[in-house]
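Thanks for coming. I have one structure to go through today, so let me put it on the screen.

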Amino acid sequence: MSLKKNTLSRLTFSVSCLWLVFCSNAIASPFEVLHWWTEQGELESKQVLVKHLKVNDIEFEDFAIVGSGGGGAIHVLQMRALSGNPPEAAQIKGPDIAEWNNLSMLIGINELTDTSAWEHFLPKVVIDDITVEKQYMAVPINIHRVNWLWLNTKIFNQYGLAAPTTWKQFFSVANFLASKGVKPVVFGGTPWQDALLFESVAISELGAEKYKQAFVAFNHDVISSIEMVNTFKLFKQLHRYATPEQQGQDWTWSSKAFINNKAAMLFMGDWVKGSWTAIGKKAMQDYQCVPVPGTKGVFSYNIDSFVLFKKAHSSIDQHSQSIFVETLISPEFQQDFSQLKGSIPARTDLDLSAFDECSQLSSTDFKEDIKVPSFTQNMATSSHQKAQIIQLISDYFNSDSLSAEEAVKQLGVMVKALTSK
């Protein structure tokens, strides 16, 4: 072989090797992420994550499960994990983080990135939520407020109505609107939405401390108290505004009815605001936000967070896992994401001047109010415990025969069974 030909062959081989190296780095392995962001506003906020990851050469592989406030997603995740094939990351929050960690299935976040500065920009309740034995096991991305009452600006202005701050005022406004042929309040028709409404009623009737004693500590004396009976009774009074058409409808249905001027009020967490932002609706112009009657000074919170799973066979390397974590905790991502999602960032060191008035109010209240974890949003109890309590509350709300006293008795028996060792 001639020198010229030999040199050309080596050059061709070298270029081929470089091309292969380049391609292997450029075409990243898909990073599968389980979540339940499937509504229009949620999809747009999810795209923020996709774009931020793509900038860092992480290819987002969508593993979305529709409905049930995340309940369906958790069931699918359990099946995948038991089969030995969990996704790279999953949307898990609250006590479920510790339960998954106890199964030795999660990767410690401290193993992937330096978390020493996190305590300087994450609130204590967020840190408490995502740590197990002082080790970070999840990445928080945002904070939702659950105990919001949304008011349709057009309808309230049309009738010159003021925002209700007490339940007496709420029922007065609702009954007045009904007398005018206006739907006072719209509900979804699934158990978790019934329970979400109950949760806010419970905060207003029990107060923050007794609410936590009942639904975080499972204190039997509070659960079986006359205050709890009165909570169930007040909750049931709201059923008079329910309609047959709501049965089985998810929150997106009630959200659309409200924003399209078909109803004057809506009880829902601020994730609903993301769906309105997606269609161009503006806070304080098209809708207003006020705490649920009787809950001013209390902030019922829901924190979205992600865990990463250990996998026996995975094409994802530790560098990619680190990039995923660092992207989620970054100021740029958290700010961009929450503006579309309707939430506020988990980080407290960000400028929210570009956020709408409801988000700014949420941020102020979060700093100043008593904070309580939302049990309907998996922040206070495990998924298993929550599911059974929610079903009981929903059954009572929609029953013509079950009394408040009997519902409270059943709740006490259920909680004893759920917490017995």
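I will go through two strands and their partners, then the nonpolar cores, the main pocket and one helix. Keep in mind that this is a predicted model.

Start with strand β11, residues 298-308. Eleven of its eleven residues are buried, so the strand is largely enclosed by the rest of the structure. The side chains alternate as follows. Val-298, Ser-300, Asn-302, Asp-304, Phe-306 and Leu-308 point one way, while Phe-299, Tyr-301, Ile-303, Ser-305 and Val-307 point the other way. Note that polar and charged residues such as Asn-302 and Asp-304 are among the buried ones.

Which strands pair with β11? One is β3, residues 89-91, which runs antiparallel to β11 and is joined to it by three bridges. There, Ala-89 has Leu-308 as its bridge partner. Another is β6, residues 139-145, also antiparallel, with six bridges to β11. In that pairing His-144 is matched with Asn-302. Then there is β13, residues 370-373, which runs parallel to β11 over four bridges. Phe-299 of β11 has Lys-371 as its bridge partner in β13.

Now strand β7, residues 148-152. Buried or exposed? Five of its five residues are buried. On one side are Trp-148, Trp-150 and Asn-152, and on the other are Leu-149 and Leu-151. Both faces are covered.

β7 pairs with β10, residues 287-291, in the antiparallel sense over five bridges. Within that pair, Trp-150 stands opposite Cys-289. β7 is also joined to β9, residues 265-267, by three bridges, again antiparallel. Here the bridge partner of Leu-151 is Met-265.

Two of those residues come back in the next part. The largest nonpolar core has 78 residues. Which residues have the most contacts inside it? They are Trp-150, Phe-170, Phe-215, Phe-232 and Met-265. So Trp-150 from β7 and Met-265 from β9 are both on that list. Helix α9 gives this core its largest share, 13 residues. A second, separate core has 60 residues, including Leu-49, Val-50, Leu-77 and Leu-328.

Staying with the first core for a moment, take Phe-215. Leaving aside residues up to four places away in sequence, Phe-215 touches Phe-198, Ala-202, Leu-206, Met-228, Phe-375, Ala-380, Thr-381 and Leu-411.

Next, the pocket. The largest pocket holds about 540 Å³ of space. Of the 24 residues that line this pocket, the closest to its centre are Gly-71, Ile-74, His-75, Ser-383 and Ala-387. Which helices each supply at least two residues of the lining? These are α3 (71-82), α4 (95-102), α9 (191-215) and α17 (383-397). Helix α9 therefore turns up twice, in the pocket lining and in the largest core. By type, the lining residues divide into eleven nonpolar, ten polar and three charged.

Last, helix α12, residues 251-259. Its buried residues are Trp-251, Ser-254, Ser-255, Ala-257, Phe-258 and Ile-259. In an α-helix there are 3.6 residues a turn, so residues three or four places apart point the same way. Just after α12, Asn-261 takes a positive phi of about 65°.

That is what I have; we can go back to the screen for any of it.

Definitions and conventions: Residues numbered from 1 in each chain as written. Predicted model: local features only at pLDDT ≥ 70, side-chain atom pairs only at ≥ 80, totals over all residues. Heavy atoms only, no water. Buried < 20%, exposed > 50% of the residue type's maximum accessible area, 1.4 Å probe, protein only. Pairing = 2+ DSSP bridges. 1 Å grid on protein atoms, 1.4 Å probe; cavity = no way out; pocket = protein on both sides within 12 Å on 5 of 7 lines; lining within 4 Å. Points joined across faces, edges and corners; volume = space filled by probe spheres on them. Core = buried A, V, L, I, M, F, W, Y, C linked by side-chain atoms within 4.5 Å. Contact = heavy atoms within 4.5 Å.
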